[in-house]
Structure formats: C-alpha cells, structure tokens
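Reader: I would like a close look at one part of this model. Please take me through a single helix and what surrounds it.

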Amino acid sequence: MNCNYFKLSEQYLFAEVSKKIRERVGAINLSVGDVRLPLPPSVVEAGVRAAKELGCGATFKGYPPEAGYDFFLQAVVGYYDGRVKFKESEVFVSDGIKSELSAFLSVFKGKIVLSSPTYPAYIETNTILGNEIIYSDCPPSEHVDLVLLCSPANPTGEILTKEQLCGWVEYCRREKAILIFDAAYEAFSSGIRSIFEIDGARECAVEFCSLSKTAGFTGVRCGYTVICNENPLNAVWRRVKACLDNGVSYITQRMAECALTGAIDKIKANIRYYQENGSILAKALSVPYNGSPYIWYRAGENAFERLLNDYSVGVTPGVGFGKAGRDYVRINSFCFRSEAVEAAKRLKSFSEVNKNFQKILS
Ligand code: PLP
C-alpha cells in the first residue's frame, strides 16, 4: 500500500461541510462549487443522437481514440476562437481536470509549488503521490520541478495578471520546470484565459481545461488538456495516455462538441447568469467583484458556524484551503437567482454586524 494515504485528513472538506449544511433546515447552500442550471436541450439531444448511433450496426463504435475524436478536437480548437492558435494534435480529451491532473502528476513527479490558499485536491493528490509541496504566490528563489497555477483561482477568485503569468513562464523556462495551468474557470475570466496567451508558454506549459464549470458538465464529465507540439511532453503524454485510460465515451464527446459549438451562446448565457449572482452577492457584502464564481470574504474566525447557525447561509470555511484562509470564507455563485437574492439579504445583515470586526482587522 502507498502509505502516503495515511497523511490525508480523515474526511474530505467538502463532504464534511455539505453534511452540516444539509442538516440545517432552510439553509442556502453557497458552499460546494457545483453547477445548478440544466444542460441546454441541444446538448442533451446530441447525447441522445449519439446513443442511438451506438445502437445501430452501421454507426456502432467501440473504444474511442485515446486523444479524442477529431470532431471533438476540432470543436476545442474552434472554441479558442483565434485567441490562441492550436492544432488538433495539441489537444487531448479527458474526463475532467481532477483525474487528468492526478494521472499527469503520477508520471511527472517532483517538488511542486502551489499558491496558498489553494484547491484542496491539489494538496491531497500531491500528498498521496509523495510530492514535496512548497507554497508561494510568486516564483520562488529555489528550484522546483512543477508549478501549479489556477486562474481564476479556487478559492480566492483571483485572476492572475499578464505580468504575473509572464514571471511564472520565465521562471519555468529558466528552471526547466513544467508549468501546469488549471483553466477550470477560464470562461469566467475577464483577463488572460489561456496560459498560451503568454509568450514562451508553448514550450513549457500544460493547460488543463474542463467543461464542468464552462458548460455545466460536472455530472457528464468531459475536459481536455492542451500540450503544444513544441513541448516534448506532447509526445510523452500521448504515449502515457494510451496506457492510463481508454478515452472518453462517444456520447460525452458529441455532447461536448455541441456545447462548444452549436450551444455556445446558451453556455455563455449560463455563465453570465452565475456572474450576475456573484455580482448580487458581492454587492451585499460591499466587496469588489471580478466575474469569478468565487467570492473570498474576510469574515473572521468561526464565520462558517456563525453564517450557518445565525443566518442560514452555508459557505465553505477558508481554513479548508490552507492556513492562509483562516479568517475567510468562500462564497460561490453557482446557485439559482432566487437563492442569490435571498442569500444577499442574509449576507448583508451579517456583513453589517461584521463591519466592526473588519475595522479591527484592517
Ligand atoms: N480545478 C479546480 C480549481 C476546481 O475548483 C475543480 C472543481 O471544483 C476542478 C479542477 C475539477 O474539475 P473537473 O470537474 O473537471 O474534474
């Protein structure tokens, strides 16, 4: 057995928090970052059509190509809409970032730098794999083998600037480190959406993308990874993928193709819906809003309990994302409008009471 397993905390943060929120009758859950809006009808129809094809001898399909069907790879290239130019040979289909990232890290191991606070799965995956983790929000003075960036970030919603990203690309090129860019929330970004918008990234970066938050696919499971042909890891990953998994189902890839092409306007409208929720929530708390699905709010110690017990709003305690999150909570905008409006009222009352605390802190 891999004994690193014993280094994990007993229960995964989100499960623990969800349980407490579920037990609180009438609570609005703004904790777990899961989408709420249904898939566009055309995406569902694409899935039904694909399933029917599999039921017919002339169109039946077995194992999919490991890197993805051509129609899917073309849809991904088109989705970038000229912002960054790729070839289909630079894209690999996946069933989402979480599993793809852990597969990638199980092959490319070493010392890794993470920001703090950070997405707990990064810490847990690297812990299981035995990677040494250091925390830094800027390129460190020491050598690392891997840099893991996420923008817009979970949990802080921070969008890394072009200057910050250029600094990281420069560092990775100098140190011959792999730059892993988690673009799970790229569709919510008002700034740089792809690491390949940065000069020099094609040689050192690997971009992990997902339709989970972009297109409401958290339940369907589909994503993709981009590694440019200039990067030797493209060939390595193609070889490794062939032994690690057997691709992603035809049905899923047809649904994803539709989401990224024919249904793209509906997908973008859904993102705007969540962003309007975010804007309502941020306004109630009197904090600036940048379009990210997460609001990182300095609410003071035990704020998770106070918000849940006194205001019936379920959030995620910041400490779950690392010590740097101790006084914070993460509030997410993946909810229905009626919930955002009601939660905003409750959060406004909370923030009035909390103002004095904020003053003491600042
Ligand atoms: N990366 C980040 C930063 C996330 O917050 C999440 C999910 O919450 C994921 C990756 C997981 O994405 P997927 O659903 O594609 O596995």
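Which residues in H4 meet which residues in H9?

Author: The model is a predicted one. Start with the H4 side of the contact: Glu100, Ala103, Phe104 and Val107. On the H9 side, they meet Leu233, Trp237, Val240, Lys241 and Leu244. By class, the residues of this contact are seven nonpolar, no polar and two charged.

Now the geometry. H9 covers residues 233-244, and its axis lies 11 Å from that of H4. The packing angle is about 110°. That makes H4 roughly perpendicular to H9. The crossing of the two helices is right-handed.

H4 also packs against H5. The axes of H4 and H5 come within 10 Å. They cross at roughly 35°. This crossing, too, is right-handed. From H4 come Lys98, Leu101, Ser102, Leu105 and Ser106. From H5 come Ala121, Tyr122, Thr125, Asn126 and Leu129. The class count for the contact of H4 with H5 is five nonpolar, four polar and one charged.

Put the two contacts side by side. With H9, the count includes no polar residues. With H5, it includes four. Glu100 and Phe104 are among the H4 residues that meet H9, whereas Leu101 and Leu105 are among those that meet H5.

Next, the empty space around H4. The structure holds two cavities of 30 Å³ or more. The second largest has a volume of about 50 Å³. Its lining consists of Ile97, Lys98, Leu101, Tyr119, Ala121, Tyr122 and Thr125. H4 and H5, the latter spanning 120-129, are the elements that give two or more residues to this lining. By class, the lining divides into five nonpolar, one polar and one charged.

Several names recur here. Lys98 and Leu101 line this cavity, and both also belong to the H4 side of the contact with H5. Ala121, Tyr122 and Thr125 line the cavity as well. On the H5 side, these three take part in the contact with H4.

The largest pocket also draws on H4. About 440 Å³ of space lies in this pocket. It is lined by 21 residues, and the closest to its centre are Gly33, Tyr119, Tyr185, Ser212 and Lys213. Helix H4 (97-107) and helix H8 (211-215) are the elements that give two or more residues to the lining. Its classes are nine nonpolar, six polar and six charged. Tyr119 is among the residues closest to the pocket centre, and Tyr119 also lines the second largest cavity.

From H8, step to the other cavity. The largest cavity has a volume of about 60 Å³. Its lining is made up of Val35, Leu37, Pro38, Lys213, Thr214, Ala215, Gly216, Asn270, Ile271 and Tyr274. Here the elements that give two or more residues are H8 and helix H11 (264-285). The lining has six nonpolar, three polar and one charged residues. Lys213 is the link back to the pocket: Lys213 is one of the residues closest to the pocket centre, and Lys213 lines the largest cavity too.

For contrast with H4, take another helix pair. H3 (residues 70-79) and H10 (residues 250-260) pack at about 25°, with their axes 9 Å apart. That makes H3 roughly parallel to H10. Their crossing is left-handed. H3 brings Phe71, Phe72, Ala75, Val76 and Tyr79 to the contact. H10 brings Tyr250, Gln253, Arg254, Ala256, Glu257 and Leu260. By class, the contact has eight nonpolar, one polar and two charged residues.

Last, some backbone details away from H4. Most residues other than glycine have a negative phi, and most peptide bonds are trans. A cis peptide bond joins serine 151 and proline 152, with omega about -10°. Another cis bond joins asparagine 154 and proline 155, with omega about 20°. Proline 152 sits in the loop between strand E5 (146-150) and helix H6 (162-175). Proline 155 also lies in the loop between E5 and H6. Serine 286 is not a glycine, yet its phi is positive, at about 55°. Serine 286 is in the loop that runs between H11 and strand E9 (294-298).

Terms used:
Residues numbered from 1 in each chain as written. Predicted model: local features only at pLDDT ≥ 70, side-chain atom pairs only at ≥ 80, totals over all residues. Heavy atoms only, no water. 1 Å grid on protein atoms, 1.4 Å probe; cavity = no way out; pocket = protein on both sides within 12 Å on 5 of 7 lines; lining within 4 Å. Points joined across faces, edges and corners; volume = space filled by probe spheres on them. Helix = DSSP H or I, 4+ residues; strand = E, 2+ residues; numbered from the N terminus. Nonpolar A, V, L, I, M, F, W, Y, C, P; charged D, E, K, R; others polar. Axes fitted to C-alpha atoms, helices over the stretch in contact; angles between N-to-C directions. Parallel < 35°, antiparallel > 145°, perpendicular 65-115°, else oblique. Left-handed = near helix turned anticlockwise from the far one by under 90°. Contact = heavy atoms within 4.5 Å.
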